Amino acid sequence: YDTKTPQSVTSDPKSFASDSVRKRWPVILTGAIDDVYRAVLRATDPEAQAEGKRIIEQIGALKYEVEHDRKLTPIPDDGFSDEIKAYNKELEDLGTPNWFDVPWLFSECYMYRRISTFFALTKHWKNYDIFARQKLDTFRSSRPAVLELASKYKELVEQLRADKDVTHNPEAEKLLFAEMFEICLWGNATDLSLLANLTYEDIQKLQGAEARKAAEKNILVNDLPRAYDILKKAQAEGKKERVVDIVLDNAGFELYVDLILAGYLLSCGLATQVVLRPKSIPWFVSDVLPSDFAALLSAIANPRGLYETASDDEKLQDKTPEPLPKSAEQDLQFLFQEWAGFHAEGQLILRPNRYWTAAGSFWRLPHENPDLLEELKPAELVIFKGDLNYRKLTGDAWWDPTTPFSEALGPMGPSSGVNVLSLRTCKADVVVDLPAGKDEELRATEGGGGDSGSRRWAWHGKWAVVCLSEGH
Ligand code: F6P
Ligand code: MG
């Protein structure tokens, strides 16, 4: 069921895969060790401490194996036997490869799946999320953008309620739609797995309204007008239930903008229900778990607690956070009431599925998980957020960059019955649907890869693609 187009592999020195396994993953694993170390220091139960130390050893051993190009070893059964069997079967089919010569997508999923067993097989750490601290910290540090959006959102919803011109001027309506989706798109530029080389200041710069305007020219393919037509048509036809699914990516700021988008779609009537699809185990550092959703809601319900309590780092540096203006607190509480209201009414729901943390690309989805496919079909749109979802949709393969998006989706393309909309900032090698000559042009820009033969321009979230494939 996989594409015949060659997959991105860690042995290709020109690829970001090669860079990832050699440079980025050791940094991520070190961060994970550091986090558990801190948690062990805080633990009071001796049994929990002992288990924590064991976890640190296991992550350390994994890091050693990655850095020294050892073989990937079978994953022990942690209770989800079918999942583990599938991972181990694929490992066997690949001929038990080494870290520096293995398909990128499989090995990266394997790494997070294996880490999760270290925790699942303990008594005290089963639900521990090694990345939770980082996720909340970056949300706090996006304060300027969070507040700017909260105030804008409140104004917008109040206008919609008062039935002002936003709803009656078709051009203005389209513009607003594009803007809301672009906010949601660029929210993906700041995931934590790339943070290894990005500072908090960089992140803040990426998030404001001005930055967004300037970044519009960096959207290489933009199918938003077609996505708008789909939702508008369903609304005009008077269809009673109009669902939009969001296959989530990162927690923190990105989840916040996903909720802004969801709230907007519900408030303006372009959707009657939004289904959010999180992961079930800590994944690619910053991906959303159900607990992140709860944490975000409680953070905005009590924004002073979030913003006026010093973080560990701030305490170390003797810094006191700036007090939060009253109006900002009210804006955030307004958001909380809106979203909690939608949630209580069943219009905004969270639906986990363990399939999202399997190792395969979505080329396998219709065959491996027909039930999930059936769940996705009725939606007017299924929005896939972020880079990893895009890699999974396209099989993480070296397509000719002018290949049509729907072709690169294989079985998830037009025959799937699913309207796939991908909002992705580029952070990997794979890219499709570009006009002829665009890849060459971008490679020739400064830092774009040039003569190195690498597609460097596509690695750091500066460029984006918004691609739609219609399945009904
Ligand atoms: O490219 C770096 C990387 O960590 C990839 O491994 C992964 O596809 C991606 O970033 C994760 O980004 P996102 O959170 O957008 O899926
Ligand atoms: Mg992610």
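This is a short tutorial dialogue on reading the predicted model shown above.

Reader: Let's start with the whole chain. How many helices and strands does the secondary structure come to?

Author: Keep in mind that you're looking at a predicted model. The chain has 20 helices and seven strands. To get a feel for how they pack, look at the radius of gyration, which is 22 Å here; the globule rule gives 23 Å for 472 residues, so the chain is as compact as a globular protein of that length. The C-alpha trace spans about 60 × 55 × 45 Å along its principal axes.

Reader: And what share of the residues in the chain is buried?

Author: A residue counts as buried when its relative accessible area is under 20%. Here 57% of the 472 residues pass that test. The accessible surface comes to about 19,700 Å², and carbon and sulfur atoms account for 53% of it.

Reader: Among contacts between residues at least 6 apart in sequence, what percentage joins residues at least 24 apart?

Author: That's a handy way to see how far along the chain the contacts reach. In this chain the figure is 81%.

Reader: Now the inside. Which residues have the most contacts inside the largest nonpolar core?

Author: For a core, look for buried nonpolar residues whose side chains join up. The largest one here has 69 residues, and Phe-177, Tyr-256, Tyr-264, Leu-265, Leu-335 and Trp-339 have the most contacts inside it. Helix α11, residues 253-267, gives the most to this core, with 11 residues. Apart from it lies another core of 47 residues, including Ala-48, Ile-59, Ile-75 and Ile-130.

Reader: Leaving aside neighbours within four places in sequence, what is Trp-339 in contact with?

Author: Its partners are Tyr-153, Tyr-256, Leu-259, Ile-260, Gly-263, Leu-297, Ile-300 and Leu-348. Notice the spacing of some of those numbers. An α-helix has 3.6 residues a turn, so residues three or four places apart point the same way.

Reader: There's a metal too. Which residues are the protein donors of the magnesium ion, ligand 2?

Author: With a metal, check which protein atoms sit around it and how far off they are. Asp-249 (OD), Asn-250 (OD1) and Asp-287 (OD) are the protein donors of the magnesium ion (ligand 2), at 2.1 to 2.2 Å. Their spacing in sequence is D-N-x36-D. Asp-249 and Asn-250 are both buried.

Reader: What about a helix as a whole? Is α18 largely enclosed or not, and what covers its buried residues?

Author: Count how many of its residues are buried. In helix α18, residues 386-393, eight of the eight are, so the helix is largely enclosed by the rest of the structure. That includes charged and polar names such as Asp-387, Asn-389, Arg-391 and Lys-392. The cover includes α4 (104-120), β2 (243-247), β5 (381-385), α19 (405-408), β6 (420-425) and β7 (464-469). After α18 comes Gly-395, with a positive phi near 70°.

Reader: Where is Val-432, and what does it touch?

Author: Val-432 is in the loop between β6 and α20. Loops can be buried too: the relative accessible area of Val-432 is 0%. Not counting residues up to four places away in sequence, Val-432 touches Tyr-390, Thr-394, Trp-399, Asp-400, Pro-401, Thr-403, Phe-405 and Ala-408. From Val-432 to Ser-406 is 26 residues in sequence and 9.5 Å in space, C-alpha to C-alpha.

Reader: Is Glu-173 buried or exposed, and which side chain does a polar contact join it to?

Author: Check the accessibility, then look for a partner. Glu-173, in helix α7 (residues 170-186), is buried, at 12% relative accessible area. A polar contact of 2.7 Å joins its side chain to that of Lys-232.

Reader: Where does Arg-443 lie, and which backbone oxygen is 3.3 Å from its side chain?

Author: Arg-443 lies in helix α20, residues 438-443, and counts as buried at 18%. The backbone oxygen of Gly-453 is 3.3 Å from a polar atom of the Arg-443 side chain. Among the residues Arg-443 touches, leaving out those up to four places away in sequence, are Gly-448, Ser-454 and Trp-457.

How values were computed
Residues are numbered from 1 along each chain as its sequence is written. Chains are lettered from A and ligands numbered from 1 in the order in which they are written. This is a predicted model: local features need pLDDT of at least 70, side-chain atom pairs count only at pLDDT 80 or more; totals for chains, interfaces and linings use all residues. Side-chain values use heavy atoms; hydrogens and water are left out. Donors are N, O and S atoms within 2.8 Å of the metal (3.2 Å for Na, K and Ca); water is not among the atoms, so sites may look incomplete. Buried means under 20% relative accessible area, exposed over 50%, partly exposed in between (1.4 Å probe, protein chains only). A nonpolar core is a set of buried Ala, Val, Leu, Ile, Met, Phe, Trp, Tyr and Cys residues joined through side-chain atoms within 4.5 Å. Helices (H or I, at least four residues) and strands (E, at least two) are DSSP runs, numbered from the N terminus. Contact means heavy atoms within 4.5 Å. The radius of gyration is taken over C-alpha atoms; the globule rule is 2.2 Å times the number of residues to the power 0.38. Accessible areas come from the Shrake-Rupley method with a 1.4 Å probe; for residues, only the protein chains shown count as cover. A polar contact is a pair of N or O atoms within 3.5 Å; within protein, one must be able to donate a hydrogen and the other to accept it, and residues adjacent in sequence count only if both atoms are side-chain atoms.
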